[in-house]
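Q: I'd like a close look at one part of this model, taken slowly. Pick a single helix and walk me through how it sits among its neighbours.

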Amino acid sequence: VLHIAFNLLWWWQLGGLIELEQGKQRLILLFLFSAIASNLAQYFLVGPYFGGLSGVVYALVGYCWLYGTLNKRSQIRLPNNMFIFLLGWLILGFLNLLPTNIANYAHLVGLLAGFLTAGICKKLKL
């Protein structure tokens, strides 16, 4: 329950920033792209026993951090210290130092999906 609440808090906060500045369509596209990519990666690399919103949350993290870094005037941003904290959490998961099973590949591919989407949006000036 705590994990779901944590993910929903990030979805509300970061997704809200994207929705306010760039609209629902951008948020929905980021959601769909990252959900499909992160869940397929986790499924094919590890197996079917996982679930949650973590891949999408990491996509929001990657998108907000990179988009804000590339677009200084944007209100969409994630402070570097928060980004480093979440990146550290990702690394701890891969090192198997957390007391629970983590969908590490969903997190990683979600983060990469967020980076890719931010880069494409910057390149296309969207």
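A: What follows is a tour of helix α5 and the parts around it. Keep in mind that this is a predicted model.

Let's begin with the helix on its own. α5 covers residues 104–123. Its 20 residues should span 28 Å at 1.5 Å a residue, and the end C-alpha atoms are 29 Å apart, so the two agree. Just past the helix, K125 takes a positive phi of about 55°.

Now, which residues of α5 are buried? They are N104, A106, H107, G110, L111, A113, G114, T117, A118 and C121. These buried residues pack against three helices, namely α2, α3 and α4. As general background, an α-helix has 3.6 residues a turn, so residues three or four places apart point the same way.

Take α2 to start with. Two packed helices are described by the angle between their axes and the distance between the axes. For α2 (residues 24–45) against α5, the angle is about 145° and the axes are 8 Å apart. The crossing of this pair is right-handed. On the α2 side, the contact is made by R26, L30, F33, S34, A37, S38, A41, Q42 and L45. From α5 come N104, Y105, A106, V109, G110, A113, G114, L116, T117 and C121. Sorted by class, that contact has 11 nonpolar, 7 polar and 1 charged residues.

Next comes α3, residues 54–70, whose axis comes within 6 Å of the α5 axis, with a crossing of roughly 35°. This crossing is right-handed too. S54, G55, Y58, A59, V61, G62, Y63, W65, L66, Y67 and L70 are the α3 residues involved. They meet A106, H107, G110, L111, G114, F115, T117, A118, G119, C121 and K122 of α5. By class, the α3 contact with α5 divides into 13 nonpolar, 8 polar and 1 charged residues.

One α5 residue worth zooming in on is T117, which turns up in the contact with α2 and again in the contact with α3. T117 has 14% relative accessibility, so it counts as buried, the cut-off being under 20%. Setting aside neighbours within four places in sequence, T117 is in contact with L30, F33 and Y63.

That brings us to Y63, which sits in helix α3. Y63 is buried, with a relative accessible area of 0%. Not counting residues up to four places away in sequence, Y63 touches I18, Q22, R26, L30, G68, I76, G114, F115, T117, A118 and C121. F115 on that list is 52 residues from Y63 along the chain, yet their C-alpha atoms are separated by 5.3 Å.

Y63 is also one of the residues with the most contacts inside the largest nonpolar core, alongside L14, I18, V61 and L78. This core has 23 residues. Helices α1 (2–22), α2, α3, α4 and α5 each supply at least two of them, and α3 gives the most, with 10 residues. More broadly, nonpolar side chains tend to be buried together in soluble globular proteins.

V61 ties another α5 residue into the picture. Leaving out neighbours within four places in sequence, V61 is in contact with L14, L78, F83, L86 and L111. F83 and L86 also belong to the α4 side of the contact between α3 and α4, and L111 is one of the buried residues of α5.

So how do α3 and α4 pack? Their angle is about 145°, with the axes 11 Å apart, and α3 passes α4 in a left-handed crossing. Y58, V61 and W65 of α3 make this contact with N80, F83, L86, W89 and L90 of α4. The class split here is 7 nonpolar, 1 polar and no charged residues.

Two loops round off the surroundings. In the one between α3 and α4 you'll find S74, which counts as buried at 6% relative accessibility. Apart from neighbours within four places in sequence, S74 is in contact with E21 and Y67. The loop between α4 and α5 holds N96. N96 counts as exposed at 63% relative accessibility, and its phi is near 60°, a positive value in a residue other than glycine.

How values were computed:
Residues are numbered from 1 along each chain as its sequence is written. This is a predicted model: local features need pLDDT of at least 70, side-chain atom pairs count only at pLDDT 80 or more; totals for chains, interfaces and linings use all residues. Side-chain values use heavy atoms; hydrogens and water are left out. Axes are lines fitted to C-alpha atoms, for helices over the stretch in contact, and angles run from 0 to 180 degrees between N-to-C directions. Helices (H or I, at least four residues) and strands (E, at least two) are DSSP runs, numbered from the N terminus. A crossing is left-handed if the near helix is turned anticlockwise from the far one by less than a right angle, and right-handed if clockwise. Contact means heavy atoms within 4.5 Å. Ala, Val, Leu, Ile, Met, Phe, Trp, Tyr, Cys and Pro count as nonpolar, Asp, Glu, Lys and Arg as charged, and the others, Gly among them, as polar. The expected span of a helix is 1.5 Å times one less than its number of residues. Buried means under 20% relative accessible area, exposed over 50%, partly exposed in between (1.4 Å probe, protein chains only). A nonpolar core is a set of buried Ala, Val, Leu, Ile, Met, Phe, Trp, Tyr and Cys residues joined through side-chain atoms within 4.5 Å.
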